[in-house]
Structures are given as structure tokens and as C-alpha cells.
Amino acid sequence: MDHSTIRIYFTQGRVAEYAAAITRKTGCDLRVWAFIDGTVRPICKPKHHQRVMYNGHKRVHAMKFQATTSPDGLICHLFGPVEGRRHDAGVFCDSGLKQQLAQHMMGPGNIPYALYGDPAYPLSPFLQKAQGQR
């Protein structure tokens with residue numbers, strides 16, 4: 001996969017529009033432009049590597065994917081499949097998305113545009129989550 005897809009399809013102008021729309025809707029100016037989350041897709045119990053594919057949280061054998069979605073429903077970035085036991089933070093690190101965001105999502109005034117994720121994701125200038133959550 002070409003890792004420049006965010007830069008090509010999501011120009012600074014479009015990202016700024018998404019961030020403004022989210023700010024208008026939520027009243028919070030965090031410069032969030034898209035949403036990120038992992039999903040667990042159950043699979044049949046494999047003959048080999050059962051432990052690697054087992055997701056203890058959902059109690060199923062599974063594969064995981066990570067998707068980043070814009071406010072208008074476009075999938076901006078999709079990573080996976082990975083082993084079902086992987087944590088969302090680990091999948092995020094392996095996806096290379098953090099480096100892409102650092103390279104392409106710096107806005108005017110050197111303030112980054114950020115993704116919004118659940119508490120499973122690590123907090124960074126390019127990845128925000130709700131106040132009071134770790």
C-alpha cells in the first residue's frame with residue numbers, strides 16, 4: 001500500500017474543512033479531523049496458531065483491523081489484518097500511521113490536525129481522546 005494516501009486524497013484544505021465541521025458539531029476546538037478505531041472480526045478456530053489468533057477480550061478467535069474514518073464516512077486509512085490478540089495501541093504503532101500523520105498533518109501555525117480515538121490509543125499531538133480518560 002502506498003503510505004502517501006493521506007497526503008494525496010486528504011489535502012490540507014479538506015482536512016481543515018473536516019476539523020471545522022467537527023468543531024461546529026461538538027463545540028470543542030481540538031483540530032480533530034477524523035476518527036480511529038480497531039475492529040475484531042471473528043474467524044473459525046484455526047488448526048495452528050490458536051493462541052496468536054485468540055482475542056481474550058471478545059473471547060473469540062479473530063483477526064483485527066484498524067480504520068480511520070472522516071466525518072463524511074470515507075475510510076482514510078485501513079490497516080490489517082493482524083493477529084486477534086493484538087492491542088489497538090500496538091496495531092496503531094505497527095500501522096505506520098503515526099509517522100504519516102507527523103509528516104502530513106501539521107496545520108497552519110505549526111499546530112497539528114489530530115485523530116480522535118478511544119482510550120485504548122496513546123495520547124499524542126496527532127491523536128486525541130476524551131478528557132479525563134487515560
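# Reasoning about a predicted chain

Modeller: Lysine 64 lies in strand β3, and everything I say about this residue and the others rests on a predicted model.

Colleague: Why is lysine 64 called buried?

Modeller: The relative accessible area of lysine 64 is 7%, and the word buried applies under 20%, so lysine 64 falls on the buried side of that cut-off. Leaving aside neighbours within four places in sequence, the residues in contact with lysine 64 include Thr39, Val40, Asn55, Gly80, Pro81 and Asp88.

Colleague: What makes the link between the side chains of lysine 64 and aspartate 88 a polar contact?

Modeller: The side chains are joined at 3.0 Å, and the cut-off for such a pair of N or O atoms is 3.5 Å, so the pair qualifies. Aspartate 88 is also one of the buried residues of helix α4, which runs over residues 88-95, and the others are Ala89, Val91, Phe92 and Ser95.

Colleague: How do you know where those buried residues of α4 lie around the helix?

Modeller: Looking down the axis of α4, one finds its buried residues within an arc of 160 degrees, so they line one face of the helix. The elements that cover them include β1 (32-42), β3 (60-69), β4 (75-83), α5 (97-104) and β6 (127-128). After α4 comes glycine 96, with a positive phi near 80 degrees.

Colleague: Which residues of α5 are buried, and what puts them on the same side?

Modeller: In α5 the buried residues are Leu97, Gln100, Leu101 and His104. Around the axis they cover an arc of only 100 degrees, which places them on the same side of α5.

Colleague: How many aromatic pairs does the rule give?

Modeller: The count comes to two aromatic pairs. In one of them, the ring centres of phenylalanine 35 and tyrosine 116 are 6.4 Å apart, with their planes at 70 degrees; the limit for the centres is 6.5 Å and edge-to-face begins over 60 degrees, so the pair is edge-to-face. Because phenylalanine 35 belongs to strand β1 and tyrosine 116 to strand β5 (residues 114-116), this pair ties together parts that are 81 residues apart in sequence.

Colleague: Why do phenylalanine 35 and tyrosine 116 count as partly exposed?

Modeller: The relative accessibility is 33% for phenylalanine 35 and 29% for tyrosine 116; partly exposed covers what lies between the 20% and 50% cut-offs, so both residues take that label.

Colleague: What makes the pair of phenylalanine 92 and tyrosine 121 edge-to-face?

Modeller: For phenylalanine 92 and tyrosine 121 the distance is 6.0 Å centre to centre and the angle between the planes is 85 degrees, which is over the 60 degrees required. Phenylalanine 92 sits in helix α4 and tyrosine 121 in the loop between β5 and β6, so the pair ties together parts 29 residues apart in sequence. Both phenylalanine 92 and tyrosine 121 are buried.

Colleague: What says that arginine 31 lies over the face of tyrosine 113?

Modeller: Arginine 31 is placed at 4.1 Å from the ring centre of tyrosine 113, and the distance cut-off is 6 Å; the direction must also be within 35 degrees of the ring normal, and arginine 31 is accordingly listed as lying over the face.

Colleague: Why is histidine 49 called exposed?

Modeller: Histidine 49 has a relative accessible area of 61%, and exposed means over 50%, so the label follows. The residue belongs to the loop between β1 and α3 (50-53), and its phi is near 60 degrees, a positive value in a residue other than glycine.

Colleague: What makes arginine 59 exposed?

Modeller: At 68%, the relative accessible area of arginine 59 is over the 50% cut-off. Arginine 59 is found in the loop between β2 (54-55) and β3, and has a positive phi of about 60 degrees although not a glycine.

Colleague: How do you know that the peptide bond from glycine 80 to proline 81 is cis?

Modeller: Omega of that bond is near 5 degrees, and the bond is cis; proline 81 is found in strand β4.

Colleague: Which residues have the most contacts inside the largest nonpolar core?

Modeller: That core has 17 residues, and those with the most contacts inside it are Trp33, Ile36, Leu101, Met105 and Leu115. At least two residues of this core come from each of α2 (12-26), β1 and α5.

Key
Residues numbered from 1 in each chain as written. Heavy atoms only, no water. Buried < 20%, exposed > 50% of the residue type's maximum accessible area, 1.4 Å probe, protein only. Helix = DSSP H or I, 4+ residues; strand = E, 2+ residues; numbered from the N terminus. Arc of directions from axis to C-beta. Contact = heavy atoms within 4.5 Å. Phe/Tyr/Trp six-rings, centres within 6.5 Å; stacked < 30°, edge-to-face > 60°. Polar contact = N/O pair within 3.5 Å; in protein donor to acceptor, adjacent residues only side chain to side chain. Core = buried A, V, L, I, M, F, W, Y, C linked by side-chain atoms within 4.5 Å.
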